[in-house]
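Biologist: I have a model open on my screen and would like to walk through it with you. Could you help me read it, one piece at a time?

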Amino acid sequence: AEYMGHIKGSDNTSSDYLSRHPQECFDLNCQICKFNEELAASVVHSITVEDVLSGHGRMPFLNIPSWKSAQHDCETLRRAYAHLTQGTRPSKKCKNSRDLHHYIRVSAVSGGLLVVRKSDPFLTTRDLVIVPDSILPGVVTALHLHFHHPPKSQLTRVFNRYFWAIRSESSIDMVSKNCSQCNSLKRIPKEMFEQTSTILASSPGEMFAADVMCREKQKIFVLRDYYSSYTSSSIIPDETSDSLREALLLNTIPIRNVSSTTRVDCAPGFNSLKNDSSLKSYGIVLDFGRIKNW
């Protein structure tokens, strides 16, 4: 039977000293050092957009064989690659070839991969990988999650540093707006707008709703009282501010109180009458509400 005994460090001075003062290993073939390097490299480290843009971190998703396969699966990129390598141009009779012409105009072939060469001041020329439209939303979403939900501006910078796509701006905007975590961290507006479907009109001729409807190539101005649902209308020649002002005065003055409020939409003709002196002199106030509600 084997026996293992514990002794104090003071009784084993050589081993105690070496454990507290280890020697540095410079042997390139040391298996222990290789094991420690591989173990450290296998651990997933947190990386930020600033690390990648400053060059201290490596950009993920840059596997060249994978991008070659993804571009080969895209029909438009495959055709653009064939035209660029063969030195030909697509036929003018080819329909729906706007993206194809765009790829041929801006891209180049580098190592069997379609790239866009970008030159920045005081920097070397970089080759940006062209991302197919079919996987663009997935790539942008993966970058958004990998970099811990960066703002839209930072996500655009890091994407444009290594990748290129025709519709990259719209995809980045869609991913940023549809991220639940990013939306939950947005600031709540300081002023809360109370909205209701009930109009507080206490008497007839107090509040109206006005709009323009088109029937049989004619423009009809319609005015309706909120309290009594009384409706008045007149035909107008156009939707300019002068025609709308005349229709408002013609239909509102006979049935209004001393002062009245008329709710309208944000059409250019109504918007021009926001501070109109003629309407104010008759006590007619236009209520445009919030633009996002129309």
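**Strand, sheet and core**

Modeller: Happy to, and let's start with V116: apart from neighbours within four places in sequence, V116 is in contact with V106, S107, R126, D127, L128, I130 and W164. Please keep in mind that this is a predicted model.

Biologist: Thanks! Is V116 buried or exposed?
Modeller: V116 belongs to strand β2, residues 113-118. Its relative accessibility is 10%, and the cut-off for burial is under 20%. V116 therefore counts as buried.

Biologist: What separates the C-alpha atoms of V116 and R105?
Modeller: Along the chain, these two are eleven residues apart. In space, the distance between the C-alpha atoms of V116 and R105 is 9.9 Å.

Biologist: In what order do the strands of the open sheet with four strands come?
Modeller: The pairing in this open sheet is mixed. At its edges stand β1 (108-110) and β4 (163-164), and each has a single partner strand, so one side of each lacks a neighbour in the sheet. The order is β1-β2-β3-β4.

Biologist: Which residue in β4 is the bridge partner of V129?
Modeller: Strand β3 covers residues 126-130 and runs parallel to β4, with two bridges joining them. In β4, V129 has as its bridge partner F163.

Biologist: How many aromatic pairs does a search of the whole structure find, and what are the centre distance and plane angle for W67 and F163?
Modeller: The search of the whole structure gives three aromatic pairs. W67 and F163 form a tilted pair, with 5.5 Å centre to centre and an angle between the planes of 50°.

Biologist: How many residues apart in sequence are the parts tied together by that pair?
Modeller: W67 is in helix α4, residues 64-73, while F163 is in strand β4. Both W67 and F163 are buried. Because the pair links that helix to that strand, it ties together parts whose separation in sequence is 96 residues.

Biologist: Which residues form one aromatic cluster?
Modeller: F159 and F163 also form a tilted pair, 5.6 Å centre to centre with 35° between the planes. F159 counts as buried at 1% relative accessibility, and F163 counts as buried at 1% too. The cluster is made of W67, F159 and F163.

Biologist: What arc do the buried residues of α4 cover around the axis?
Modeller: The buried residues of α4 are W67, A70 and Q71. They lie on the same side of α4, because around the axis they cover an arc of only 95°.

Biologist: And which exposed residues are carried by the face of α4 turned away from its buried side?
Modeller: On the buried side, the cover includes α5 (75-86), β2, β3, α7 and β4. The face turned away from that side carries the exposed residues P65 and D73.

Biologist: Within what arc do the buried residues of α7 fall?
Modeller: Helix α7 spans residues 136-146, and its buried residues are L136, V139, V140, L143 and H144. Their cover includes α4, α8 (152-162), β4, α9 and α10 (180-184). Seen down the axis, the buried residues line one face of the helix, because they fall within an arc of 135°.

Biologist: What is the phi of H148 near?
Modeller: H148 follows α7. The phi of H148 is positive, near 60°.

Biologist: Which residues does S168 touch, leaving out those up to four places away in sequence?
Modeller: S168 is found in helix α9, residues 168-178. S168 is buried, with a relative accessible area of 9%. Beyond those places in sequence, S168 touches L136, F159 and N160.

Biologist: Over the face of which residue does K274 lie?
Modeller: Here a lysine sits above a ring. K274 is at 5.3 Å from the ring centre, over the face of F288.

Biologist: To finish, what share of the residues of the chain count as buried?
Modeller: The secondary structure of the chain comes to 13 helices and nine strands. Its accessible surface is about 20900 Å², with 53% belonging to carbon and sulfur atoms. Of the 294 residues, the share that count as buried is 28%.

Note on methods
Residues are numbered from 1 along each chain as its sequence is written. This is a predicted model: local features need pLDDT of at least 70, side-chain atom pairs count only at pLDDT 80 or more; totals for chains, interfaces and linings use all residues. Side-chain values use heavy atoms; hydrogens and water are left out. Two strands pair if DSSP finds at least two bridges between them. Buried means under 20% relative accessible area, exposed over 50%, partly exposed in between (1.4 Å probe, protein chains only). Contact means heavy atoms within 4.5 Å. Rings of Phe, Tyr and Trp (its six-membered ring) pair if their centres lie within 6.5 Å; planes under 30 degrees apart count as stacked, over 60 as edge-to-face and the rest as tilted. A charge sits over a ring if NZ of Lys or CZ of Arg is within 6 Å of the ring centre and within 35 degrees of the ring normal. The arc is that of the directions from the helix axis to the C-beta atoms. Accessible areas come from the Shrake-Rupley method with a 1.4 Å probe; for residues, only the protein chains shown count as cover.
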